[in-house]
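I opened this notebook to look up aromatic contacts and helix packing. My entries follow in the order in which I made them.

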Amino acid sequence: MQIVALIIGILVAIVVIVHFKKTRMESSKFAYAILLITFPFYYFAFAIYGNDYKALTLEFIAGLLFFILGSLAIKLSDFFKFSVLAFGYIVHAVYDVTHDMLFLNAGTPDWWPEFCGAVDLLIGVYLVNLAFKCRIRLA
């Protein structure tokens, strides 16, 4: 396990959450959705860097889920938006951690699963919290 990558991932997630909250991007329909949509592009870049075009195809297929969830979230009310995004981020964290069990992408750095998994999981859990806050306001 790459402990340093995990710690940096936690710090990055905290910085993103605080930045989105302070700049009021959190209340935007787009901030967390667009961030989720960008995640597959890292894997695309890794596949291209590693000259692994079979992995690029598989990454594209896997990435469709995150494109769809991010795009769907933009059209939903706050509770459903945060719920769909939380699901997307948590699923992406699982994808990061289990990625090498699904297929290999030659360009992916060894430290990436811990780093990106930590970022995704923390933001996902935070979005669950936001969804519950919206639900409480609706009740």
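Which residues form one aromatic cluster? I found that Tyr42, Tyr43, Phe46, Phe66, Tyr95, Trp111, Trp112 and Phe115 do so. For pairing I took rings of Phe, Tyr and Trp (its six-membered ring) whose centres lie within 6.5 Å, with planes under 30 degrees apart counted as stacked, over 60 as edge-to-face and the rest as tilted.

Before going on I noted the ground rules: this is a predicted model, in which local features need pLDDT of at least 70 and side-chain atom pairs count only at pLDDT 80 or more, while totals for chains, interfaces and linings use all residues. Residues are numbered from 1 along each chain as its sequence is written, and side-chain values use heavy atoms, with hydrogens and water left out.

**Aromatic pairs**

I looked up the total, and the structure holds 17 aromatic pairs. Among them is the tilted pair of Phe41 and Phe67, with 5.6 Å centre to centre and 50° between the planes. Phe41 lies in helix 2 and Phe67 in helix 3 (residues 53–74), so this pair ties together parts that are 26 residues apart in sequence; helices here are DSSP runs (H or I, at least four residues), numbered from the N terminus. Phe67 counts as buried at 16% relative accessibility, whereas Phe41 is partly exposed, with a relative accessible area of 47%. For these words I used under 20% relative accessible area for buried, over 50% for exposed and the range in between for partly exposed (1.4 Å probe, protein chains only).

I then turned to Tyr43 and Trp112, an edge-to-face pair with 6.5 Å centre to centre and 90° between the planes. This pair links distant parts of the chain, since Tyr43 is in helix 2 and Trp112 in helix 5 (residues 112–138), 69 residues apart. Both Tyr43 and Trp112 are buried.

**Phe46**

I found Phe46 in helix 2, where its 14% relative accessibility makes it count as buried. Leaving aside residues up to four places away in sequence, Phe46 touches Asn105, Gly107, Thr108, Pro109 and Trp112, contact meaning heavy atoms within 4.5 Å.

**Helix 1 against helix 2**

I last checked helix 1 (residues 3–22) and helix 2 (residues 31–49), whose axes come within 11 Å and cross at roughly 145°. The axes are lines fitted to C-alpha atoms over the stretch in contact, and angles run from 0 to 180 degrees between N-to-C directions. Val16, Ile17 and Phe20 of helix 1 make the contact with Ala31, Tyr32 and Leu35 of helix 2.

Technical notes
Helix = DSSP H or I, 4+ residues; strand = E, 2+ residues; numbered from the N terminus.
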